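The following exercises concern a single protein chain and are to be worked with the sequence and the coordinates at hand. Each task is followed by a solution in steps.

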Amino acid sequence: MSYKSLPLKKEVKKVIHLGLHAIAIILGSVGIAAAFKNHNESNIANLYSLHSWLGISIISLYGIQWIYGFIVFLYPGGSPIIRSESLPWHVLFGIFVYILAVGNAALGCLEKLTFLESSGIAKYGPEALLVNFTAVITILYGAFVILSVLGRQAPVEDDDK
């Protein structure tokens, strides 16, 4: 979204894009480590659900995407031909991984709701409504991000200003 929404020079947008995604990878990795720690401390098996399998796969794909983008588009940087041929695939793969992540977040809400219901909360209780509401908001937010990414690009800032 930094490419579409910020009226800055391309190189500045590139660094912002790279930096934000690096932060996201770090936070995603911390989240996965926290899940493993919680499971180990609570004597819950690790990697038993589709949500966990997808989570590991998605963060791995995300890391590969980040490394590829760093090497091809920033340092050392691919040739102009490699960059131009890679860009549509980089964008498409990025959107694909993002959609997987949003879907997995919704799947995580479903998993949490299943645990809550098995521990005795009401199917239509406030906790269940909160979890479902959170999942719906997550999906709507994800859809708006995709629409923003596919939308019109912001103008480039002029050096003379």
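## Exercise 1: The loop before helix α4

Pro76 belongs to the loop that runs between α3 (50–74) and α4. The model is a predicted one.

**Task.** Determine which residue Pro76 is joined to by a cis peptide bond, and state omega.

**Solution.** Step 1: locate the bond; the partner of Pro76 is Tyr75. Step 2: read the torsion angle; omega is about 0 degrees, and the peptide bond is cis.

## Exercise 2: Positive phi between α2 and α3

**Task.** For Asn43 and Leu47, give phi, the location and the class of exposure.

**Solution.** Step 1: consider Asn43, whose phi is near 55 degrees, a positive value in a residue other than glycine. Asn43 sits in the loop between α2 and α3. Its relative accessibility is 73%, so Asn43 counts as exposed.

Step 2: turn to Leu47, which is not a glycine either and has a positive phi of about 55 degrees. The loop between α2 and α3 also holds Leu47. With a relative accessible area of 40%, Leu47 is partly exposed, since exposed requires over 50% and buried under 20%.

## Exercise 3: Salt bridges

**Task.** How many salt bridges does the structure hold? Identify the partners and describe the exposure of each residue.

**Solution.** Step 1: recall the principle. Side chains of opposite charge can pair when their charged atoms come close. Applying a limit of 4 Å between a side-chain nitrogen of Lys or Arg and a carboxyl oxygen of Asp or Glu, one finds three salt bridges.

Step 2: examine helix α2 (residues 10–41), where Glu11 and Lys14 lie three residues apart, about one turn of the helix. Their side chains form a salt bridge with an N to O distance of 3.4 Å. Glu11 is partly exposed at a relative accessible area of 46%, whereas Lys14, at 10%, is buried.

Step 3: continue in helix α2 to Lys37 and Glu41, which are four residues apart, about one turn of the helix. The salt bridge between their side chains spans 3.6 Å, N to O. Lys37 has a relative accessible area of 51% and is exposed; Glu41 counts as exposed at 56% relative accessibility.

Step 4: add the pair of Lys123 and Glu117, whose side chains meet in a salt bridge at 3.5 Å, N to O. Lys123 counts as exposed at 58% relative accessibility, while Glu117, at 28%, counts as partly exposed.

## Exercise 4: Packing of α4 and α5

**Task.** Are α4 and α5 roughly parallel or roughly antiparallel? Describe their contact by residue class.

**Solution.** Step 1: compare the axes. Those of helix α4 (residues 80–118) and α5 come within 9 Å and cross at roughly 175 degrees. Step 2: classify the angle. The two helices are therefore roughly antiparallel, because angles over 145 degrees fall in that class. Step 3: inspect the contact of α4 with α5, which comprises 18 nonpolar and four polar residues but no charged ones.

## Exercise 5: A nonpolar surface patch

**Task.** Which residues make the nonpolar surface patch of about 610 Å², and where is Leu147 found?

**Solution.** Step 1: list the members of the patch, which are Phe133, Val136, Ile137, Leu140, Phe144 and Leu147. Step 2: place Leu147, which is part of helix α5 (residues 126–150). Step 3: assess its exposure. Leu147 has a relative accessibility of 55% and therefore counts as exposed, the threshold being over 50%.

Conventions:
Residues numbered from 1 in each chain as written. Predicted model: local features only at pLDDT ≥ 70, side-chain atom pairs only at ≥ 80, totals over all residues. Heavy atoms only, no water. Patch = residues over 30% accessible without salt bridge, like charges linked within 9 Å, V, L, I, M, F, W, Y side chains within 5 Å. Areas by Shrake-Rupley, 256 points an atom, 1.4 Å probe, with all protein chains shown as cover. Buried < 20%, exposed > 50% of the residue type's maximum accessible area, 1.4 Å probe, protein only. Axes fitted to C-alpha atoms, helices over the stretch in contact; angles between N-to-C directions. Parallel < 35°, antiparallel > 145°, perpendicular 65-115°, else oblique. Nonpolar A, V, L, I, M, F, W, Y, C, P; charged D, E, K, R; others polar.
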